[in-house]
Amino acid sequence: MQTLYVHPLPVRIWHWTNALGFIALIVTGLQIRYVGLIGLMPFKTAVSLHNWIGFVLIANFFVWFFFYLFSDKIKVYHPELSAMKHFRASFRQLQYYGYGIFKGDPNPHHVSAYHKFNAMQSMTYQVIMLLLVPIQFYTGVLLWDVKRFSGMVELFGGVRVVDTVHVLLFIFFVAFIFIHPYLASLGHTPTAHFKAMFTGYEEVEEETGRDSIA
Ligand code: HEM
């Protein structure tokens, strides 16, 4: 095995702050929604924590965004320009997760410094980071002060629509918080990718200089 530096420090700081923040937002969000059923903390504390953590994560998002925008590491997110190639690679990856992995097949994706994500990962992460997370933050800010942003709230169809979008994305992120770590545990050891997100270094096969990543 040899090591390859794949997760730069700003990405690691953003990632673990974001992960902890999302868990806290889910817990406080549940407390806000099920105020009579869950008694983890007073309603007011849950609202206040939810708002503060939300704003911290919005600021934190820009660490990820500007790091990639102003570094050549953005290449890890460059899309495969041939749609055919992209979908074939995604399908192979899906087949591996759903079937091949249980037969002991090798991971079809091979990691290199500028190719740390498989086709499914790079597409999913981009949709999450450039679409779903910003929509979640945006609807959150509108709900934080519906009076101040009444014009914008009306433009989106009223507070019910804004709230429904926020809650549907909440459900998505709850599912994501389970599925994402599961997929991240499918490295050459169950903890390999987690360690890499802490140290920055991923272990790859010595002979080829390449390895698989979840
Ligand atoms: C318990 C929570 C979480 C754990 C244990 C976890 C674990 C990991 C690990 C091990 C990686 C490394 C690469 C990989 O295998 O995909 C990773 C990457 C990533 N995770 Fe998470 N994650 C968590 C929460 C989240 C949340 C809440 C989000 C977004 C809302 C997120 C978004 C991402 C993204 C975008 C990457 C790629 C980062 C890059 O640009 O290099 N993760 N995660």
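## Leu143 in helix H4

Leu143 has its place in helix H4. The model is a predicted one. Leu143 counts as partly exposed because 18 other C-beta atoms lie within 10 Å, and a residue needs 20 or more to be buried. Apart from neighbours within four places in sequence, the contacts of Leu143 are Val162, Asp163 and His166.

Trp14 is 129 residues from Leu143 along the chain, and the C-alpha atoms of these two residues are separated by 24 Å.

## Overall architecture

The protein chain contains 7 helices and 2 strands. Their order along the sequence is β-α-α-α-α-α-α-α-β, with strand E1 at residues 2–5 and strand E2 at residues 201–204.

Taken along the principal axes, the C-alpha atoms of the protein chain fill a box of roughly 60 × 35 × 35 Å. The protein chain has 214 residues, of which 17% count as buried. Among contacts with a separation of 6 or more, 68% join residues 24 or more positions apart.

## The strand pair

Strands E1 and E2 pair in the antiparallel sense, over 4 bridges. Within this pairing, Thr3 stands opposite Glu203 in E2.

The side chains of E2 alternate along the strand. Glu202 and Val204 point to one face and are buried, while Tyr201 and Glu203 point to the other face and are not buried. Glu203, the residue opposite Thr3, is therefore on the face of E2 that is not buried, given that fewer than 20 C-beta neighbours within 10 Å leave a residue outside the buried class.

## Packing of H2 against H4

Two packed helices are described by the angle between their axes and the distance between the axes. For helix H2 (residues 43–69) and H4, the axes come within 11 Å and cross at roughly 145°. The crossing of H2 past H4 is left-handed. On the H2 side the contact is made by Asn51, Gly54, Ile58, Phe61 and Trp64, and on the H4 side by Met129, Val133, Phe137, Gly140 and Trp144. By class, this contact has 7 nonpolar, 3 polar and no charged residues.

Phe61 lies in helix H2 and is one of the residues that make the contact with H4. Leaving aside neighbours within four places in sequence, Phe61 is in contact with Val133 and Phe137. The C-alpha atoms of Phe61 and Met129 are separated by 8.5 Å, although the two residues are 68 residues apart along the chain. Phe61 is classed as partly exposed because it has 18 other C-beta atoms within 10 Å, where 20 or more would make a residue buried.

## Surroundings of the ligand

There are 20 residues around the ligand, and Ala19, Phe22, Pro181, Ala184 and His193 come nearest. At least two residues of this shell are supplied by each of helix H1 (9–33), helix H4 (119–144), helix H6 (159–184) and helix H7 (192–199). By class, the shell has 14 nonpolar, 6 polar and no charged residues.

## Val174 in helix H6

Val174 lies in helix H6, one of the helices that supply at least two residues of the ligand shell. Val174 counts as partly exposed because it has 13 C-beta neighbours inside 10 Å, while 12 or fewer would make a residue exposed.

Val174 and Phe22 are 152 residues apart along the chain, and their C-alpha atoms are separated by 8.9 Å. Phe22 is also among the residues that come nearest the ligand.

Conventions. Residues numbered from 1 in each chain as written. Predicted model: local features only at pLDDT ≥ 70, side-chain atom pairs only at ≥ 80, totals over all residues. Contact = placed C-beta atoms within 7 Å. Near = placed C-beta within 6 Å. Nonpolar A, V, L, I, M, F, W, Y, C, P; charged D, E, K, R; others polar. Pairing = 2+ DSSP bridges. Axes fitted to C-alpha atoms, helices over the stretch in contact; angles between N-to-C directions. Left-handed = near helix turned anticlockwise from the far one by under 90°.
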